[in-house]
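Visitor: Could you walk me through this protein and show me how each label is earned?

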Amino acid sequence: MKAIVYDKAGLPIDDPRALYEMELPRPEPQARDLLVRIEAIAVNPVDSKLRLGVQPNGPRVLGWDAVGTVEAVGEAVELFKVGDKVWYAGDITRQGSYAEYGLVDERIAGHCPKSLKTADAAALPLTSITAWELLFDRLRIPEGGGHGQSLLVIGASGGVGSILVQLARKLTGLTVIGTASRPESRKWVTDLGAHLVIDHSQPLQPQLTAGGIHQVDHVISLTHTESYYAQIVELLKPQGQLALIDDPATLDAMPLKRKSISLHWEFMFTRSMYRAADMVEQHKLLDRVAALLDEGVLKTTVGEHFGDITVDNLRRAHAVLESSKAVGKIVLARS
């Protein structure tokens, strides 16, 4: 099968070896695996982080968001059958989705929403799992709960923020505040349902105060947490909650003590990496998100469609990711 790979970490995206095409054997499903013919993918910051920072042992296929059709199943598969259309975010310990075929454990795959084009669906698996786990598993906000409480989302116009704002607005009673710094990204977050949008390139407190909010109950920081950390601690109410997904160079927890602020990490690959007993929760989650999309409660978070799944188009996508100017998700689909 054709696959797009890298084999040397740290190369700039315009280097010919940063991403290149090669032939790899088509994988064979084992036990609870699905063999999926991949039809659409999305790119995520983790793709670029790995390419730049993790030296692979041989050619590595990046990419974990995928939509496709099941072509074969392992002997223990129970949740899917050949011919099913599926979507998934995969397992970071396995080869990714920049390829014609991929393997995924059925417990972390879902039935693809019927109402979306494949490219529009491909924007959502990884970010939906991340956002859902942040909101409902890490912060333990109950569905239908959160009335009278506020949530500040730092970096709300990116992939995770774009679905997180929708989930919080549609499935909870939280007052949702998002941050975005450019006119187009501010409009994007407003259109997704945020009650208030503030500019993270400016001090946060005066903007919140102007919006009638003096402190917040919960903060989800999706990017540059170390840059906002001191402000976050001040903005959070006593006994508030901070959750994050990025990789601060350092994070001193001591400033949280005075207010008894709790700290929560989210890494959506944890369940698959450690073969957690509740892996199947990601299957259930993706099926639930698909139903919400088909019901019109949620909408796709595609920012740009970059065309066919080619080396050149993936290079362009990585370049945009690395510029930190992407709004929503970048998707690609087979023509």
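Guide: Below, we take some labels one at a time and set each value against its cut-off. Keep in mind that this is a predicted model.

Visitor: Let's begin with N44. Why is N44 called buried?

Guide: N44 has a relative accessible area of 2%. Buried means under 20%, so N44, at 2%, earns the label. You can find N44 in the loop between strand 3 (33–43) and helix 1 (45–53).

Visitor: What makes the pair N44 and K329 a polar contact?

Guide: The two side chains come to 3.1 Å. The limit for such a pair of N or O atoms is within 3.5 Å, and 3.1 Å meets that limit. K329 is also among the residues in contact with N44 once neighbours within four places in sequence are left aside, together with D65, L126, T127 and L321.

Visitor: Where does K329 sit in the strands, and which residue is its bridge partner?

Guide: K329 belongs to strand 16 and is the bridge partner of V302.

Visitor: How do you know that strand 15 and strand 16 pair?

Guide: Three bridges join strand 15 (residues 302–305) to strand 16 (residues 329–333). Pairing needs at least two bridges, so three are enough. The two strands run parallel, and with helix 10 (residues 311–323) they make a right-handed β-α-β unit.

Visitor: What about strand 1 and strand 2: how many bridges join them, and do they run parallel or antiparallel?

Guide: Four bridges join strand 1 (residues 2–6) to strand 2, and the two run antiparallel. With at least two bridges as the requirement, four make this a pair. One example is I4, whose bridge partner in strand 2 is E21.

Visitor: In the open sheet with the order 2-1-4, which pairing do the three strands show?

Guide: The pairing is antiparallel.

Visitor: And why do strand 2 and strand 4 (60–61) count as edges?

Guide: Each has a single partner strand, so one side of each is left without a neighbour in the sheet.

Visitor: Now A31. Why is A31 called partly exposed?

Guide: The relative accessible area of A31 is 34%. Buried is under 20% and exposed is over 50%; 34% lies in between, so A31 is partly exposed. A31 is found in the loop between strand 2 (20–23) and strand 3.

Visitor: What makes the phi of A31 worth a look?

Guide: A31 has a positive phi of about 40° although it is not a glycine. Most residues other than glycine have a negative phi. R140 also has a positive phi, of about 55°, and is not a glycine either.

Visitor: Why does R140 count as exposed?

Guide: R140 reaches 67% relative accessibility. Exposed means over 50%, so 67% puts R140 in that class. R140 lies in the loop between helix 3 (125–138) and strand 9 (150–154).

Visitor: Is H218 buried or exposed?

Guide: H218 is buried: its relative accessible area is 5%, and the cut-off is under 20%. H218 is found in strand 12 (residues 216–221).

Visitor: What makes H218 and Q241 a polar contact?

Guide: Their side chains come to 2.9 Å, which fits the limit of within 3.5 Å.

Visitor: Last, the domains. How much area do domain 1 and domain 2 bury between them?

Guide: They bury about 1,300 Å², 63% of it on carbon and sulfur atoms. In domain 1, L298, K299 and V327 lose the most area to domain 2, together 34% of what that side buries.

Note on methods:
Residues are numbered from 1 along each chain as its sequence is written. This is a predicted model: local features need pLDDT of at least 70, side-chain atom pairs count only at pLDDT 80 or more; totals for chains, interfaces and linings use all residues. Side-chain values use heavy atoms; hydrogens and water are left out. Buried means under 20% relative accessible area, exposed over 50%, partly exposed in between (1.4 Å probe, protein chains only). A polar contact is a pair of N or O atoms within 3.5 Å; within protein, one must be able to donate a hydrogen and the other to accept it, and residues adjacent in sequence count only if both atoms are side-chain atoms. Contact means heavy atoms within 4.5 Å. A crossover is right-handed if, with the strands pointing away from the viewer, the path from the first strand over the helix to the second runs clockwise. Buried area is the accessible area (1.4 Å probe) that two parts lose on being put together, summed over both.
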